[in-house]
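Trainee: I'd like a close look at one part of this model, the aromatic rings. Please go slowly, and then carry on from there to whatever else deserves a stop.

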Amino acid sequence: MAVKFTPTQYEGDYARAPVFKTALPGPKTKALIERDAKFVSPSYTRDYPLAAQRGRGAVVEDPDGNLFLDFSAGIAVVSTGHCHPEVVKTIREAAGELIHMSGTDFYYPAQVNLGEALARLYNGGDAKVFFANSGTEANEAALKLAKYATKRHQFLAFTGCFHGRTLGSLSLTASRAVQRAGFFPTLPGVTHLQYPNPVRPPYGASAGKAVDAVLDHLENVIFRQLIDPRDLAGVFVEAVQGEGGYVIPPADFLPRLHAILKKHGILLICDEVQAGMGRTGKMFAYEHFGITPDIVTTAKGIASGLPLGAMIARADLMTWPPGAHASTFGGNPIACAAALTTIELLENGLMDNCDAMGRRIVEKLKPLASSSPVVADVRGLGLMIGIELVKDRKTMAYAPELREKIINGCFAKGLLLLGCGPTTIRFCPPLVINEREADRACEIFTAVAREVGG
Ligand code: PLP
């Protein structure tokens with residue numbers, strides 16, 4: 001019997017979060033943050049002092065007993081909510097059977113079962129899957145497979161897209177300069193194009209001509225003046241841009257791009273690490289645009305919080321021999337089991353909930369785009385929702401300080417949010433949120449946005 005999604009059963013105060021027991025941050029949280037400063041890498045970005053002790057559904061409790069509404073989902077990861085009872089049951093059972101064996105050298109059922117499930121979701125089953133531990137590793141695998149399968153060595157990627165932080169993926173990442181600063185040289189042979197952002201159109205185009213401008217640049221500048229298309233192995237792209245600002249491209253972008261690439265034997269590699277696994281209301285975000293990429297990478301939401309990444313490719317591309325690529329921990333049995341339960345929940349009600357809650361939130365927040373002087377755009381697919389802030393709507397000038405104030409103001413009222421891109425706030429809650437939680441988050445956000453931005 002497939003596991004079906006049912007609404008979270010909260011106990012006590014969790015049903016009415018946010019609830020405060022102390023001023024923020026409380027004494028236990030403060031003490032933890034002091035120790036973190038001493039012993040943990042300062043490279044992590046912490047916008048506000050939230051420490052998590054316990055989580056249920058869309059609610060996180062800090063060490064001081066304060067309850068927050070979590071609209072960050074651990075950076076778009078806990079798709080089934082914090083500690084979904086079916087996922088916890090699966091993890092407990094799997095841990096009691098087999099913790100590790102290494103799919104690199106041996107076989108075990110959970111990895112084969114998940115490979116079969118992902119191949120089915122991607123193209124009905126004519127695909128093979130490489131297992132990793134994270135998004136960046138899934139993209140490293142895609143880089144290597146594309147090189148191996150095409151015998152070509154160069155890549156294109158898009159500004160604003162984020163593909164990870166290990167050196168191969170970092171060469172593709174073009175989201176924030178700080179992520180690359182100090183790490184040169186990255187991989188040679190990666191060239192970037194502008195992403196067809198309809199709110200901030202590329203190459204001086206009008207909004208309606210964003211795709212024309214990008215594809216014109218591809219064919220008439222890149223292919224004619226810079227790179228012979230026969231040298232290009234693949235193009236990496238996010239079907240909906242995540243870290244770069246929750247940007248939804250025009251509907252014809254991916255189909256037209258794919259058609260051009262096919263003519264030249266260049267692979268389209270869709271990074272679904274953030275947008276995939278149901279977050280946009282479909283299993284993969286590219287499904288909104290009617291294409292099937294040649295290679296897909298996924299991670300984040302795939303295993304409800306356990307570390308797992310996957311690179312899914314057309315079966316005919318997986319020509320690499322034993323030893324060409326592998327990972328000791330990739331596709332760990334417990335993580336694969338958690339992913340299988342996650343997929344069951346997504347397919348049996350959770351993606352529908354995501355779609356309905358996403359529409360509800362966009363409908364509630366959309367009026368801000370005309371009534372608030374600092375909100376330029378409210379956009380979303382499923383529960384991947386971006387609110388773009390500006391100093392004023394005429395100049396469209398970025399407003400990072402304002403964003404910081406709003407994010408901190410929401411934290412003070414018990415709503416956990418994250419920024420993305422130069423000037424956007426993202427709503428990426430667990431896909432299990434209910435109507436009360438969606439409405440409460442919109443109320444808090446609207447009140448703070450009005451307080452801070454007028
Ligand atoms: N690709 C995308 C689209 C992402 O959003 C991220 C992480 O935010 C990554 C890749 C990298 O994933 P990880 O942090 O698991 O390496």
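**Rings, ligand and backbone**

Mentor: Let's start with two rings you can find right away: F158 and Y195 are both buried (under 20% relative accessible area; exposed would be over 50%, and partly exposed is in between, using a 1.4 Å probe and protein chains only). Before we go on, this is a predicted model, with local features taken only at pLDDT of at least 70 and side-chain atom pairs only at pLDDT 80 or more, while totals for chains, interfaces and linings use all residues. Numbering runs from 1 along each chain as its sequence is written, and side-chain values use heavy atoms, with hydrogens and water left out.

Now the aromatic pairs: there are 11 of them in the structure (Phe, Tyr or Trp rings, the six-membered one for Trp, with centres within 6.5 Å; planes under 30 degrees apart are stacked, over 60 edge-to-face, the rest tilted). One of them is Y48 with F411, a stacked pair with 4.6 Å between the centres and 25° between the planes. These two partners come from distant parts of the chain, 363 residues apart. Y48 is in the loop between α1 (27-39) and β1 (54-56), whereas F411 belongs to helix α11 (residues 400-412). For reference, helices (H or I, at least four residues) and strands (E, at least two) are DSSP runs, numbered from the N terminus. As for cover, Y48 and F411 are both buried.

That brings us back to the rings we started with. F158 and Y195 pair edge-to-face, at 6.0 Å centre to centre and 85° between the planes. This pair also joins distant parts of the chain: F158 is in strand β5 (residues 154-158), Y195 is in the loop between β6 (190-193) and α7 (210-226), and their positions lie 37 residues apart.

Go back to Y48 and F411 for a moment, as they belong to one aromatic cluster together with F20 and F68. Another ring worth clicking on is Y148, where K151 lies over the face at 4.3 Å from the ring centre (the test is NZ of Lys or CZ of Arg within 6 Å of the centre and within 35 degrees of the ring normal).

Next, the ligand. There are 13 residues around the ligand, and those that come nearest are G135, T136, E238, D271 and Q274 (a residue is near if one of its heavy atoms lies within 4 Å). Helix α5 (residues 135-150) supplies three residues, the largest share of that shell. For polar contacts (N or O atoms within 3.5 Å of each other), look at the backbone of G135, where a polar atom is 2.8 Å from a ligand oxygen. T136 also has a backbone N or O atom 2.8 Å from an oxygen of the ligand. K300 uses its side chain: an N or O atom there is 3.2 Å from a ligand oxygen. On its own the ligand has 390 Å² of accessible area, and the protein covers 82% of that (Shrake-Rupley method, 1.4 Å probe).

Now a few loops. G244 is in the one between β7 (232-237) and α8 (253-263), and it counts as buried because its relative accessibility is 11%. Its C-alpha is 5.3 Å from that of S175, although the two are 69 residues apart along the chain. L417 occupies the loop between β13 (415-416) and β14 (418-420), and L417 is buried because its relative accessible area is 0%. From L417 to L69 is 348 residues in sequence, but 9.1 Å in space between C-alpha atoms.

Finally, some backbone to check by eye. Most residues other than glycine have a negative phi, and most peptide bonds are trans. Here, the bond from L24 to P25 is cis, with omega near -15°, and P25 is in the segment before α1. F184 and P185 are also joined by a cis bond, with omega about 0°; P185 is in the loop between α6 (167-172) and β6. S102 has a positive phi, near 75°, in the loop between α3 (85-97) and α4 (109-123), and S102 is buried at 8% relative accessible area. M396 has a positive phi too, near 60°, and is found in the loop between β12 (384-389) and α11.

Terms used: A polar contact is a pair of N or O atoms within 3.5 Å; within protein, one must be able to donate a hydrogen and the other to accept it, and residues adjacent in sequence count only if both atoms are side-chain atoms.
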